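Let's take a look at how some helices pack in this one, and then at what sits around the ligand.

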Amino acid sequence: MPAASIDALTSPTLKHLRERWWNDDFTEFLTETLRPRPGNRILDVGCGEGIAEVRLGRLQVSQLRLFGVDLMIERVMVARHETAAHNQRVGFACAEASRLPFCDNAFDSTFCVAVLQHVGDVAAAVREFARVTSPGGRIVAVEPDNSARYAYSATPAGLRAFEMSARFFGALAASRGDLIDAKVGPRLPALFARCGIEPLDVRLFPVSQTRLGVPSEDVWKRRRAVVEQAIDEAQADAVRALGQEYLDLLTAYATEARAAGPSFVEIQNTMLFATVGQKT
Ligand SMILES: C[S@@+](CC[C@H](N)C(=O)[O-])C[C@H]1O[C@@H](n2cnc3c(N)ncnc32)[C@H](O)[C@@H]1O
């Protein structure tokens, strides 16, 4: 689904905005901080579907050796397919961030994007990043700071819908036992320092989506469809009831937005928090 078609009303983490932060500025930032040189080995932990590998591969640094690992085999398969479609040779493996299957000092630099918020033992993962990176090598961790998210709607039902979205998707994630540490980003410099990584820089990247004018019927349909599917999949009655309440609120929101007309506005914003370090 394209990023513009889904939003904070359909997810607890704004992870759908990921496609938006993988823009040229962000790729340039990663390139500047990872400093890929010919022959370097670079590891991407939690590589997902290989967006980073495709982007870094386009730099065409000679003999750059990229490696990606992810907990989920399906994502690794997609990443392998995507990079092969771009004629890139990337090493992929299925692995857990806190138990990396590589020997000490195996990489010139290591990075992760939007991964540590999902990891149970973040310190163990950061220690692994330090272990597999050679001394002097860069380590970059980028996490969305979901605690810094901001949402605005021109209508009262819209403001309540944003609150209800966070409650419903939060309850859903908790009922599944999904771990999401929304505030991990700003804690990373201190954690880096404790794990033998000298913090060099922190950078914030705002990621936002604004709508002016009444959203199309498709937007409302998609919002409802995502919530209806989530309700269908929810096991707990209390979560399902919350979902139904949320659906009613979405109906009221759509009505108010239509009444507001062309001056209707909706704003969503979150921050990416990047920590750059160097293995000592
Ligand atoms: C939000 S996605 C980000 C993917 C990619 N880094 C990007 O920017 O497009 C998070 C990824 O981290 C992976 N992941 C979550 N926990 C992990 C862990 N403990 N070890 C390795 N990968 C993990 C997930 O499977 C998922 O592919």
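## Helix packing and the ligand site

Helix α6 (residues 156-176) packs against α9 at an angle of about 155°, the two axes being 9 Å apart. That makes α6 and α9 roughly antiparallel, so the label fits the angle (over 145 degrees is roughly antiparallel, under 35 roughly parallel, 65 to 115 roughly perpendicular, and the rest oblique). The crossing of α6 past α9 is left-handed, and the residues of this contact split into 15 nonpolar, four polar and four charged. Here Ala, Val, Leu, Ile, Met, Phe, Trp, Tyr, Cys and Pro count as nonpolar, Asp, Glu, Lys and Arg as charged, and the others, Gly among them, as polar.

A quick word on ground rules: this is a predicted model, where local features need pLDDT of at least 70 and side-chain atom pairs count only at pLDDT 80 or more, while totals for chains, interfaces and linings use all residues. Residues are numbered from 1 along each chain as its sequence is written, and side-chain values use heavy atoms, with hydrogens and water left out.

Next up is α9 (residues 237-260) with α8 (residues 217-233): their axes come within 9 Å and cross at roughly 175°. So α8 and α9 are roughly antiparallel too. By class, this contact has nine nonpolar, three polar and seven charged residues. On the α8 side the residues include Trp-220, Arg-223 and Glu-228, and they meet a set in α9 that includes Arg-240, Tyr-246 and Leu-250 (contact means heavy atoms within 4.5 Å).

Then there's α5 (residues 122-132) and α7 (residues 184-194), with axes that come within 11 Å and cross at roughly 55°. These two helices are therefore oblique to each other. Val-122, Ala-123 and Val-126 of α5 meet Val-184, Leu-188, Leu-191 and Phe-192 of α7. That contact is made of seven nonpolar, no polar and no charged residues.

Over to the ligand, which has 18 residues around it, the closest being Gly-46, Asp-70, Arg-75, Ala-97 and Val-113 (a heavy atom within 4 Å counts as near). Three of its polar pairs are listed here (N or O atoms within 3.5 Å):

| Residue atom | Ligand atom | Distance |
|---|---|---|
| Gly-46, backbone N or O | nitrogen | 2.8 Å |
| Asp-70, side-chain N or O | oxygen | 2.6 Å |
| Ala-97, polar backbone atom | nitrogen | 2.9 Å |

Terms used: Axes fitted to C-alpha atoms, helices over the stretch in contact; angles between N-to-C directions. Helix = DSSP H or I, 4+ residues; strand = E, 2+ residues; numbered from the N terminus. Polar contact = N/O pair within 3.5 Å; in protein donor to acceptor, adjacent residues only side chain to side chain. Left-handed = near helix turned anticlockwise from the far one by under 90°.
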